[in-house]
Amino acid sequence: MSEQPRIRPPSRPSDSQTVTVLAPTPQDARYCDQVLRDHGVPVEFVASVYEVTARIREGAGVVLIAQEYLTGDATEHLRQAVREQPSWSDVPILVLLAQRGSSPRVIADLLSIGHVTLIERPLRIALLVSTLQAKLRDRLRQYEVRDLLHTAQLANESKSEFLANMSHEIRTPMTSILGYAELLTDLVEDEKAVGYLATIRRNGNFLLGIINDILDLSKIEAGKFEIDSERFDPARVIEDVRSIMEVRAYEKGLKLDVDYRGRIPQFIESDAKRLKQILINLVGNAIKFTQRGRVGIVVESANRPDTNEPLPTSTEGQLRIRIKDSGIGMTPEQQTRLFKPFSQGDSIITQQFGGTGLGLAISQRLASMLGGEISVESKINGGSTFTLSIKTGDVVEATEIRPTGERQLDNETTSSSTVRLNAHVLIVDDRRDIRFLSKHIIDKAGGRVTEAEDGVLAIESVKQAAERGETFDLILLDMQMPNMNGYETARQLRQLGYAGPIIALTADAMQGDMNKCLQAGCNDYLSKPIDKSMMLEKIAAFVNTSKQRSVDQRE
């Protein structure tokens, strides 16, 4: 058998415009070569199905293959190559049917390969050429889509990196602003000055809330926002929300009530933190847009509101929470813009009440991630009702209760003033004011502090302590520093043999920071701005555990 003509495949990216041909005979190959060349169609010839599948994996444009080659094993090999293509890619496959005809079962088997077009013999040249040209145009569009996706991915990665850097650059000075305002509050006795400091802290926390909203929206859009499902008591979450928002309602002379309609599961499986975030936003908006009257939180099982019937046998129901206010209300047109990012009802509302317009957009997306949604009913000067529904998870075995709506005090809360430390802590941060603030908090709790300005100096401090036969009980490590960042510092500390706890200080910009810290050798992390109570509680817990482990090992 004479050798089939071979045309070397063009260099990428023009592969997407090349037809790979496995012809029935050398004579057919030469004829096909001439015809396609005359019509300006780039072509390459291969000698086996295995070369065809290799070209599919490399990104062929279009495949033209004779049915004679598609035996059982060869067909399965081809089918596997088609399955392994990237999601954006569908290589068109044209099969030249045998002249003797094929049974319906064989035809169905060929079509099941995927993206197959059947070509009958004898060939009609005009039809073949027009089909190939159409398939090549489709293939070119696939590559254009791939390039757009790649460009979008790069842009997304750049945005994520920018957000991580900006988060660090904003949150770090916010740590100083809020922390030093708190320090001054303890030193100042003049009531007017204390009021000024309270204003600084309140507005600092408001600015931090805006930063958090922007980051949350960016995490969701980047696909880096995860839901942590756990079993929890929804009534406790709702009471926490009432406790937080009641002060704001009281300042405006409003009443904030919680009403349970019928029985609800005592425990549900969802993300308590995100549920709380949604409710705080919805209740906060209700308070903001209500000048007088009341705001109510109504809770019920979506499966049987206002009844005492047992839960259905389905393993998954829904919890419905309505936030009703007697506020200014909205027109239908304003309602259509509610859940769009950076958008409020209208410019007058923005000027009068402020806000970024991010809260509801984020809340709606979070509700969707919790298996539900947020809907709204409103009329001008007639108040608004926002209804949140979320999936409850598997609640078949959950006890049904009807909470009273009365306050449930949490006696487990630990004041930071009661935490006492007997520990030597190494603080590693390139910013002197953050080191001073952390040192002040730890010193006041009874601890002892050594400071290091970067990762290089931190490693040197640990080495020097080891030479003296000492060790730090715990290391507080900033993750973004010059000379050597916190991730590399943690890795090198572990390689040196430091076995004590390391707590990372991070801006927590994007989902994955926690895992990145743990992989580097940290035990836990604290987000900036630093929460004094959380810092002391974590330090105390890790130090006590570490010391107990040392005692157990000696025994």
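## A charge over a ring

A charge sits over a ring if NZ of Lys or CZ of Arg is within 6 Å of the ring centre and within 35 degrees of the ring normal. In this structure the ring of Tyr487 has the charged end of Lys516 over it, 4.4 Å from the ring centre.

## Basis of the model

The model is predicted: local features need pLDDT of at least 70, side-chain atom pairs count only at pLDDT 80 or more, and totals for chains, interfaces and linings use all residues. Residues are numbered from 1 along each chain as its sequence is written, and side-chain values use heavy atoms, with hydrogens and water left out.

## The five-stranded sheet

Helices (H or I, at least four residues) and strands (E, at least two) are DSSP runs, numbered from the N terminus. Two strands pair if DSSP finds at least two bridges between them. One open sheet has five strands in the order S16-S15-S17-S18-S19, and the pairing is parallel. At its edges are S16 (448-452) and S19 (524-527), each of which pairs on one side only. Inside the sheet, S17 (residues 474-478) is joined to S18 (residues 502-506) by four bridges, and Leu476 has Ile503 in S18 as its bridge partner.

Two helices lie across strands of this sheet, where contact means heavy atoms within 4.5 Å. Angles run from 0 to 180 degrees between N-to-C directions, and axes are lines fitted to C-alpha atoms, for helices over the stretch in contact. Helix H12 (residues 432-444) lies across S15 (424-428), S16 and S17, at about 165° to S16. Helix H13 (residues 455-467) lies across S15, S16 and S17 and runs at about 155° to S15.

## Aromatic pairs

Rings of Phe, Tyr and Trp (its six-membered ring) pair if their centres lie within 6.5 Å; planes under 30 degrees apart count as stacked, over 60 as edge-to-face and the rest as tilted. The count by this rule is two aromatic pairs. Trp88 and Tyr143 are edge-to-face, with 5.0 Å centre to centre and 70° between the planes. Trp88 is in the loop between helix H3 (72-83) and S4, while Tyr143 is in helix H5 (residues 125-187), 55 residues apart. Buried means under 20% relative accessible area, exposed over 50%, and partly exposed in between (1.4 Å probe, protein chains only). Trp88 is partly exposed because its relative accessible area is 21%, whereas Tyr143, at 10%, is buried.

Tyr180 and Phe436 are stacked, with 5.9 Å centre to centre and 20° between the planes. This pair links helix H5, which holds Tyr180, to helix H12, which holds Phe436, 256 residues apart.
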